[in-house]
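I opened this structure for the first time today and kept notes as I went. The entries follow the order in which I looked things up.

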Amino acid sequence: MDFLTEQLPVPGPVVYGYLRPMHASIVRVRALREALAEYCHQHELSLAGVFTERSPASPAFTGLLDALALPGSYGVVVPALSHLGPRATAQERRKEIVQRGARLLLVRGADRSAGTHGGRLLRRIEPAAAAEVDA
């Protein structure tokens with residue numbers, strides 16, 4: 001007898017995380033990565049990697065766009081829109097993501113009552129859960 005699909009390890013859509021922790025501590029960056037991993041776990045998404053922009057001259061966003069061109073890429077997960085950059089930059093980057101046919105998923109949106117992150121204690125995620133891409 002064959003197993004039902006729900007009993008098989010079927011990978012979810014492939015997404016990439018994007019962080020812009022310009023002045024954040026290592027602990028804060030780790031917490032942001034864990035929040036992305038938890039969000040993906042809750043929504044049955046496969047987090048393939050996290051691109052991290054540490055300076056304005058960083059090639060991280062270009063790397064993200066290259067990853068979105070890979071077959072099977074579904075979208076980008078960010079903690080909040082501010083991680084795409086200052087308002088004008090974020091709007092431009094959002095357009096570039098959408099123009100590539102990718103989804104932009106927010107862990108925290110304007111409506112924090114939705115409960116995707118809220119004030120709950122996040123389940124501990126092992127650091128190897130997603131590949132890190134620092135630029």
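Entry 1, confidence. I began with the confidence by element, since this is a predicted model, and found the highest mean pLDDT in β1, at 98, and the lowest in strand β5 (residues 131–134), at 52. Over the protein the average pLDDT is 82, and 73% of the residues score at least 70. I marked residues 110–131, where pLDDT stays under 50 and for which the model has 27 contacts beyond four places in sequence.

Entry 2, the elements. I then listed the secondary structure, which comes to 3 helices and 5 strands, and read their order from the N terminus as β-α-β-α-β-α-β-β. Of the 135 residues in the protein, 36% are buried. When I looked at contacts with a separation of 6 or more, I found that 77% of them join residues 24 or more positions apart. I also noted an exposed area of about 8400 Å², of which carbon and sulfur atoms supply 55%.

Entry 3, β1 and β2. How many bridges pair β1 with β2, and in which sense do the strands run? I looked this up and found 6 bridges, with the two strands paired in the parallel sense; Val-14 stands opposite Ser-46 in β2. Between these strands the chain crosses from β1 through helix α1 (residues 26–42) to β2, and I noted this β-α-β crossover as right-handed. β2 is mostly covered, with 5 of its 7 residues buried.

Entry 4, β3 and its partners. I followed β3 next, and saw that it runs parallel to β1, the two being joined by 4 bridges, with Val-76 in β3 as the bridge partner of Tyr-16. β3 also pairs with strand β4 (residues 103–106), again in the parallel sense and over 4 bridges, and here Val-77 stands opposite Leu-105 in β4. The chain goes from β3 through α3 to β4, and this β-α-β crossover is right-handed.

Entry 5, helix α2. Which residues of helix α2 (residues 60–68) are buried? My list holds Ala-60, Phe-61, Leu-64, Leu-65, Ala-67 and Leu-68. They lie on the same side of α2, because they cover an arc of only 160° around the axis. I then asked what these buried residues pack against, and the model gives three strands by name, β1 (14–19), β2 (46–52) and β3 (73–78), together with the helix α3 (87–99).

Entry 6, His-83. I ended with a single residue, His-83, which is found in the loop between β3 and α3. Is His-83 buried or exposed? I count His-83 as buried because its relative accessible area is 8%, and buried means under 20%. Leaving aside its neighbours within four places in sequence, I found His-83 in contact with Tyr-18, Leu-19, Arg-20, Pro-21, Leu-32 and Val-78. I also checked Thr-52, which is 31 residues from His-83 in sequence, while their C-alpha atoms are 9.5 Å apart in space.

Conventions: Residues numbered from 1 in each chain as written. Predicted model: local features only at pLDDT ≥ 70, side-chain atom pairs only at ≥ 80, totals over all residues. Heavy atoms only, no water. Buried < 20%, exposed > 50% of the residue type's maximum accessible area, 1.4 Å probe, protein only. Arc of directions from axis to C-beta. Contact = heavy atoms within 4.5 Å. Pairing = 2+ DSSP bridges. Right-handed = clockwise from strand over helix to strand, strands pointing away. pLDDT = per-residue confidence, 0-100. Areas by Shrake-Rupley, 256 points an atom, 1.4 Å probe, with all protein chains shown as cover.
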